[in-house]
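Got the viewer open? Let's take a walk through this model, one selection after another.

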Amino acid sequence: MQNRTNILLILAGLLPISLCIAAGVGAYQILPWRIPRVLLFHEDGFEVLIYVRFPRVILSAIVGAVLAISGATLQGIFRNPLADPGLIGVTAGAGLGAALWIVLVGSGFLGIWGVPIAAFTGGILVTIGVWKIAQTRESVPTVTLLLAGIALNSFAGAGIGLMTFLADEEQLRSLTFWLLGGFGGATWRAIAVTFPVALIGAVVLFRLARALNAMTLGESEAYHLGVSTESLKRWAVFGVALSVGAAVSAAGGIGFVGLIVPHLLRLLGGADHRYVLPGSAIGGAILLVSADLFARTVAIPAELPVGVVTALLGGPFFLWLLLRFKREVVYG
Amino acid sequence: MVELEQVGYRIAQKWIVRDINLKIETGEFWVFAGPNGAGKSTLLRLISGELSPQKGKIRLFGHGIYSYSPQELARIRAYLQQKPEVNFPFRALEIVLLGRHPHLDGAKETPEDWEIARKSMKQVEADVFAERLYPTLSGGEASRVDLARILAQEPRLFLLDEPTNHLDPRHQVQILDLCCSIVQSGKSVIAAIHDLNLAAMYADKVLMLRDGNAVAVGTPETVFTPKQLESVYDLPFEALRTSSGRTLITPLLPSPQ
């Protein structure tokens, strides 16, 4: 147990370090330890930090955190270490919303806010759809929830495909760019909108940690231990839809973070969700901040989509974990 | 403390159990017996509150079962079922500690809760694998950890669905002995058990089920008669007296040529 506290403390210490390094590195270099001076005395680089780097770094930290918490939560609900935050349809729904907006409405209406609003709405609507389809008279069985999620995911995927087919050159470019995800457009205003929504979702999910532990034994065992399983599932889906919806609307589809971070935390310190959830939040933030740093610096002045980087680094990393801890990975 | 009145539960048009009337007092060890699919587990799950009957009334400790919240129920009854599948690296001790969940009200476990969890593990000789990962335990080891978990839950009513499954004879006897000491401390146990001889050795009362109906209720001696068993299991039985004076029941097999 002491071990877990230490892991959380180390991660909490690494987070500001990674934020400062990421904020400092780029076409215009600012050494991390000079950042406080630059901010305090408005030295050279002040504008770069305030208007470009910090919004980007902070947004990627927020997105990374909520993707990882959501992944951990859904893994707990579905009792399956392979569950991904997109499982309940929110990511695909957001993609469909964005695609419909980009191709059918265009950027004229609502300006830069159009796509995020459409994406958020799409994500929430598809999640509600998944929930309604899965619902029986007295409960929402996790199996039907999973199946409804898979069905609507592929349906939304088909819709995105259709929009890709209908799109012209320019629409196709912005659609592809959006779907791959990135933080190029990060602004304080985007953070001001994303952060509160993501925070509400995350707070909801944190409060479920203990019930998720009981859920590990299965739904009926959790009930026998005094957990209201129906309300647990409802709050979990609500929290994930809200926070992932906000994250995806701001940054597009970014895979692997929600899958890999909770895994890593469980390997380090066990499966108690009261440790896995906060650990995932910090770990997800560090991972995505680093991935974005890599994405924008590896091929200056060009920028890779961050979703490509997470998949590119995440895939082999996941494989390494699998080979290194074969047995543990099966159980965590 | 447990009263069932005309209880019936059906899935679609099929009644899984019906017209069950039962009164279980404090300090009694009940066994539910009967063939596979007779409704033993369903009846246990109805008494636990997990399933709601379409017909009849269930009262626990004087109150309708509907008047309890899931957490209140979890403080008065515990339910043991077949080994749950766990896909996450929880240690056995952490699984046992989950039994304290209904008592914590969202607070962190106190040293006292840890003590209760450790003591429960000792009671079923599961303390030796306290630090092992639960998913790596064998069926019998996991059963003992699960049993320790519901002991840690400290309920007044224990509902056990085939508690002796997966266990070797020594641990079967040990767990039934444990049930007896639970009963002697003024709590009640209801267990679904297939092994008729074990059931006869320990139970105060037996409810025999067949196709969802209660076909016999009473002491093991009155219920486990060869005639009664044959009508329930569609298999001839004979009763044998051992040298120590106990009666054993066994299926009557065609004698070897």
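Select strand 1 (residues 2–11) and strand 2 (residues 14–24) of chain B: the two run antiparallel and are joined by 7 bridges. Keep in mind as you click around that this is a predicted model. For one facing pair, show Val7(B), which stands opposite Ile20(B) in strand 2 of chain B. Now slide to the turn of this hairpin, where 2 residues sit between the strands and Ala12(B) takes a positive phi near 55°.

Next, widen the selection to the sheet around that hairpin. It is an open sheet of 4 strands in chain B, in the order 2-1-4-5, with antiparallel pairing. Which strands stand at the edges? They are strand 2 and strand 5 (63–64) of chain B; each has a single partner strand, so one side of each is left without a neighbour in the sheet.

Stay at the strand 5 end. Strand 4 (residues 55–60) of chain B pairs with strand 5 of chain B in the antiparallel sense, over 2 bridges. Pick Arg59(B) and you'll find Gly64(B) of strand 5 opposite. Then click Phe61(B), in the loop between strand 4 and strand 5 of chain B. What is odd about the backbone of Phe61(B)? Its phi is positive, about 50°, although Phe61(B) is not a glycine. As a rule, most residues other than glycine have a negative phi. Phe61(B) counts as partly exposed because it has 14 C-beta neighbours inside 10 Å, and a residue needs 20 or more to be called buried.

Now for the other sheet of chain B. Select strands 6, 7, 8, 3, 9 and 10: these 6 strands form an open sheet in the order 6-7-8-3-9-10, and the pairing is mixed. Strand 6 and strand 10 (213–218) of chain B are the edge strands, each pairing on one side only. Look along the sheet and follow the twist, which averages 15° from one strand to the next.

Zoom in on strand 7 (residues 157–161) and strand 8 (residues 188–192) of chain B, which pair in the parallel sense over 5 bridges. Phe158(B) is worth showing here, standing opposite Val189(B) in strand 8 of chain B. Add helix 7 (residues 169–184) of chain B, which packs on the sheet and touches strand 3 (29–33), strand 7 and strand 8 of chain B. The direction of this helix makes about 150° with that of strand 8 of chain B.

On the way from strand 7 to helix 7 of chain B, stop in the loop at Glu162(B). Glu162(B) also has a positive phi, about 50°, although it is not a glycine. Is Glu162(B) buried or partly exposed? It is partly exposed, because 19 other C-beta atoms lie within 10 Å.

Time to cross over to chain A. Colour the contact between the chains: 22 residues come from chain B and 24 residues from chain A. On the chain B side, the elements giving two or more residues are helix 2 (70–76), strand 6 (77–80) and helix 4 (101–104). Helix 2 of chain B gives the most, with 4 residues. By class, that side has 14 nonpolar, 5 polar and 3 charged residues.

Now hunt for the largest nonpolar core, which has 180 residues. Val63(A), Val66(A), Ala247(A), Phe32(B) and Val96(B) touch the most other members. Helix 3 (residues 46–78) of chain A gives the most to this core, with 16 residues. Centre on Ala247(A) and show what it touches farther along the sequence: Val63(A), Val66(A), Leu67(A), Thr194(A) and Ala198(A), not counting residues up to four places away.

Next in chain A, pick helix 7 (residues 169–180). Its 12 residues reach 17 Å from the first C-alpha to the last, close to the 16 Å expected at 1.5 Å a residue. Just after this helix of chain A, Gly181(A) takes a positive phi of about 85°.

Last stop: Ala211(A), in helix 9 (residues 209–215) of chain A. Ala211(A) counts as buried because it has 24 C-beta neighbours inside 10 Å. Show Val227(A) and Leu232(A) too, since Ala211(A) touches both, not counting residues up to four places away in sequence. To finish, draw a distance from Ala211(A) to Ser228(A): these residues are 17 apart along the chain, and their C-alpha atoms are separated by 8.5 Å.

Key
Residues are numbered from 1 along each chain as its sequence is written. Chains are lettered from A and ligands numbered from 1 in the order in which they are written. This is a predicted model: local features need pLDDT of at least 70, side-chain atom pairs count only at pLDDT 80 or more; totals for chains, interfaces and linings use all residues. Two residues are in contact if their C-beta atoms, placed from the backbone, lie within 7 Å. Ala, Val, Leu, Ile, Met, Phe, Trp, Tyr, Cys and Pro count as nonpolar, Asp, Glu, Lys and Arg as charged, and the others, Gly among them, as polar. A nonpolar core is a set of buried Ala, Val, Leu, Ile, Met, Phe, Trp, Tyr and Cys residues joined through C-beta atoms within 7 Å. A residue is buried if 20 or more other C-beta atoms lie within 10 Å of its own, exposed if 12 or fewer, and partly exposed in between; C-beta atoms are placed from the backbone. The expected span of a helix is 1.5 Å times one less than its number of residues. Two strands pair if DSSP finds at least two bridges between them. Axes are lines fitted to C-alpha atoms, for helices over the stretch in contact, and angles run from 0 to 180 degrees between N-to-C directions.
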